[in-house]
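Work through the following exercises with the sequence and the structure side by side. Each one sets a task and then solves it in steps.

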Amino acid sequence: MAMREIEKYIDSGIKKDMFTAASVRVVRNGSVYLEDARGLLDPTDPSRKTRKDSIFDLASLTKAFVATAFMKLVEDQLASLDQPIVDVVPSFSDGAKKDITFRQLLSHSSGLPASFNLYENGEWNKGKEVVIRKLISAELVYQPGTQMIYSCLGFMLLGYAMEKISGEELDQTLDKLLFKPLNLKDILYKPGDELRDRIVITTDERPNRGRLRPGVVHDGNAIALNGGVSGNAGLFGKAESVSRLGEIFYNKIFLKEQTIDEMTKLQAQYEGKKRVLGLQLHSYDDSNSARVFSETSFGHTGFTGTSLWVDPQNRVIVSFLTNSVRFYKQEEDAERFNSFRLGLYEKILKEI
């Protein structure tokens, strides 16, 4: 009965035009409590129903995977949290930039702006190095370490630095450091044609790019940087793979216990928002759609309507993937979806 109530609630989101596809996986006490998929991969084709192995554009959930892979580089002594970025990217040396560390990138306290369009004037067709130069030349908006502004640019720079450290492209780096060791399936950048029939269509159109095809990332900056391979966004995956990432932190596996403790302790806070390394820490901020979880909880969301939340106190991991961005026409639409997601979390906590 409990599962049916959650399924009915998700169905109500589809009926209210919150999203056209959703996949949820709830793990409690180490066992799968609920795993379900609702809606359609393509709303124009009723025969193409969403399944448990359907693949979503994870958007900024990419950051959580990239941060975890970076911490593996730290454990392998190829990088360190308090190492200046300039050690790896020598051109990142203008003014206060020369002192910015990897820890500050991971905790969004580097001073870099939230974002700006790296793809203006067709720049996504001008090559990776053009975009990197624009990224590196971005002006700081505050003194590093004094504030905290969630920065996609910071994670784009982190991904680029990881390529320099590993000597391989970011997709190969994550595959070698994270996906293969954990045997994670169906999580990748730039999925090929063989997976297209399992990919949820995110939206019908994208400004300046026409129709957004299945497997093409929604984030324009990720497209600009390297055709969709970026530290801020670009990964596609299923709910199970996202949940498996949460299990690393819940069960303290794969990484050393002290590494996980470091990743999940408070690193930066500003105006009520709190950050750990590569993740968001619980807060009571009104915009936090996971504030119903305990104060020990942490997780991340993605602009396309994806999320992962880990709550050690309530012994639960929730991965919830949708394509809610399909209906974002104004800020109120995103707020409406956040409220809906908050309601889902409340129902899950009530039932477990």
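**Exercise 1. Decide whether the overall size of the protein agrees with that of a compact globule.**

Solution. The model is a predicted one, and the protein in it has 352 residues, for which a compact globule would have a radius of gyration near 20 Å. The protein has 19 Å, which agrees with that expectation. Next, look at the extent along the principal axes, where the C-alpha trace spans about 60 × 45 × 40 Å. Turning to burial, we find that buried residues make up 58% of the 352 residues. Finally, among contacts between residues at least 6 apart in sequence, 64% join residues at least 24 apart.

**Exercise 2. Check the length of helix H2 and describe its surroundings.**

Solution. Begin with the inventory, since the protein has ten helices and 13 strands. Helix H2 covers residues 61-75, and at 1.5 Å a residue its 15 residues should span 21 Å. The expected span is 1.5 Å times one less than the number of residues, and the C-alpha atoms at the two ends of H2 are 22 Å apart, which agrees. As for burial, 14 of the 15 residues of H2 are buried, so that the helix is mostly covered. Just after H2, Gln77 takes a positive phi of about 65°. One further detail concerns Lys72, which lies over the face of Phe254 at 5.0 Å from the ring centre.

**Exercise 3. Find the edge strands of the open sheet with the order S3-S7-S4.**

Solution. This sheet has three strands, and their pairing is antiparallel. Strand S3 (56-57) and strand S4 (188-189) each have a single partner strand, so both stand at the edges, and one side of each is left without a neighbour in the sheet. In general, strands of a sheet pair through backbone hydrogen bonds, either parallel or antiparallel. Here two bridges join S3 to strand S7 (residues 235-237), and Phe56 stands opposite Gly237 in S7.

**Exercise 4. Classify two of the ten aromatic pairs in the structure.**

Solution. Take Phe249 and Phe298, whose rings are 6.0 Å apart centre to centre with 85° between the planes, and which form an edge-to-face pair; the cut-off for this class is over 60 degrees. Phe249 lies in helix H8 (residues 239-251) and Phe298 in strand S11 (residues 298-302), so the pair ties together parts that are 49 residues apart in sequence. Phe249 is buried, with a relative accessible area of 5%, and Phe298 is buried, also with a value of 5%.

Now take Phe293 and Trp309, which are 6.4 Å apart centre to centre with 15° between the planes, and which form a stacked pair. Phe293 is in the loop between strand S10 (280-281) and S11, while Trp309 is in strand S12 (residues 306-311), 16 residues apart. Phe293 counts as buried at 3% relative accessibility, and Trp309 counts as buried at 2%.

**Exercise 5. Describe the environment of Phe102.**

Solution. Phe102 lies in helix H3 (residues 102-106). Its relative accessible area is 0%, so Phe102 is buried, the cut-off being under 20%. Leaving aside neighbours within four places in sequence, Phe102 is in contact with several residues, among them Phe70, Leu81, Pro84, Leu158 and Ile165. As a last step, compare positions along the chain with positions in space: Phe102 and Val86 are 16 residues apart along the chain, and their C-alpha atoms are separated by 9.9 Å.

Technical notes: Residues numbered from 1 in each chain as written. Predicted model: local features only at pLDDT ≥ 70, side-chain atom pairs only at ≥ 80, totals over all residues. Heavy atoms only, no water. Pairing = 2+ DSSP bridges. Helix = DSSP H or I, 4+ residues; strand = E, 2+ residues; numbered from the N terminus. Buried < 20%, exposed > 50% of the residue type's maximum accessible area, 1.4 Å probe, protein only. Phe/Tyr/Trp six-rings, centres within 6.5 Å; stacked < 30°, edge-to-face > 60°. Lys NZ or Arg CZ within 6 Å of the ring centre and 35° of its normal. Rg over C-alpha atoms; globule rule 2.2 N^0.38 Å. Contact = heavy atoms within 4.5 Å.
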